[in-house]
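The following note sets out, point by point, what may be read from the coordinates of this entry. Please consult it alongside the sequence and the structure shown here.

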Amino acid sequence: MLPHSQQQTTHTRWPPHTTATTLRNKRMKCSGVLLCVVAIACVLFAAVNVEASQLRLDPSNPLRAYGNGTTYDISHVFQWPVAIENDPRHYSYWWNPTGHACPNTPNVSGPAVCQKADRYYVCGETDRPLWTLESTNPGLVFRITYTNGYQWRLTVFTFIVDENIHEPTIKFINENPYEQYNFEVRGKCIGNPSWGTNRCPSN
């Protein structure tokens, strides 16, 4: 054992201008910032209102689906087929959930959505469309997606319940990359159930 005069005493070497109290304060600040980040993330997640669920398509009626304890029925929303003409590229569209959507081939039953650009294109088939309930709060939103169009084209119709629109409207929104066509249907009674503030006629 070294003589007391030669023993070395170990001291904590803090960086310049740093003390144990300073380090504790920094740790507390970091913890506070982390808690704030977590809280903001939770608020943002809640604001997104993610509650989408798949609806069950009626096996004998392509205009009707079931879910959330009720029925969604678009039979009387439009006179089928419905034509859509507001694409700024001057393309025309026809939509018929029961098929026969393309005017150039009226005897072909498969097409649910048809586009007229440089020629006619099938943009979605009647076979197994996907119905989804996207939101019930603050407003009811549901979607119908038609797939298996020409060269993998697909079409999405988003239904947004709007109490201020008494006659249903439909419009072309845009075309996503890889040939996804997006449309929007708005109105007070657009196939939505009779419950809630809308009080639509029973489907």
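1. Overall content. The protein contains one helix and 13 strands. This is a predicted model, and the points below should be read accordingly. Taken from the N terminus, the order of elements is α-β-β-β-β-β-β-β-β-β-β-β-β-β, with the helix placed ahead of the strands.

2. Burial, surface and contacts. Of the 203 residues in the protein, 35% are buried. The accessible surface amounts to about 13000 Å², and carbon and sulfur atoms account for 55% of that area. Where contacts link residues at least 6 apart in sequence, 45% of them join residues at least 24 apart.

3. The open sheet. Which strands form the open sheet, and in what order? Six strands take part, arranged as E1-E9-E10-E11-E13-E12, and their pairing is mixed. The edges are occupied by strand E1 (53-54) and strand E12 (169-176). Each of these two has a single partner strand, so one side of each is left without a neighbour in the sheet.

4. Pairing at the E1 edge. Strand E1 pairs with strand E9 (residues 130-135) in the antiparallel sense, and two bridges connect them. Within this part of the sheet, Ser 53 lies opposite Leu 133 of E9.

5. The disulfide. The structure holds one disulfide, which joins Cys 102 to Cys 114 with an S to S distance of 2.2 Å. This pair links distant parts of the chain, the two residues being 12 apart. Cys 102 sits in the loop between strand E6 (92-95) and strand E7 (111-116), whereas Cys 114 belongs to strand E7 itself. Cys 102 and Cys 114 are both buried.

6. Handedness of the disulfide. Why is the disulfide of Cys 102 and Cys 114 described as right-handed? The torsion about its S-S bond is about 105 degrees, and the disulfide is therefore right-handed.

7. Cys 123. What separates Cys 123 from bond formation with the closest cysteine sulfur? That closest sulfur is in Cys 114, and the sulfur of Cys 123 is 6.7 Å from it, which is too far for a bond. For reference, the cut-off applied to a disulfide is a pair of cysteine sulfur atoms within 2.5 Å. Cys 123 is also buried, its relative accessible area being 0%.

Key: Residues are numbered from 1 along each chain as its sequence is written. This is a predicted model: local features need pLDDT of at least 70, side-chain atom pairs count only at pLDDT 80 or more; totals for chains, interfaces and linings use all residues. Side-chain values use heavy atoms; hydrogens and water are left out. Helices (H or I, at least four residues) and strands (E, at least two) are DSSP runs, numbered from the N terminus. Buried means under 20% relative accessible area, exposed over 50%, partly exposed in between (1.4 Å probe, protein chains only). Contact means heavy atoms within 4.5 Å. Accessible areas come from the Shrake-Rupley method with a 1.4 Å probe; for residues, only the protein chains shown count as cover. Two strands pair if DSSP finds at least two bridges between them.
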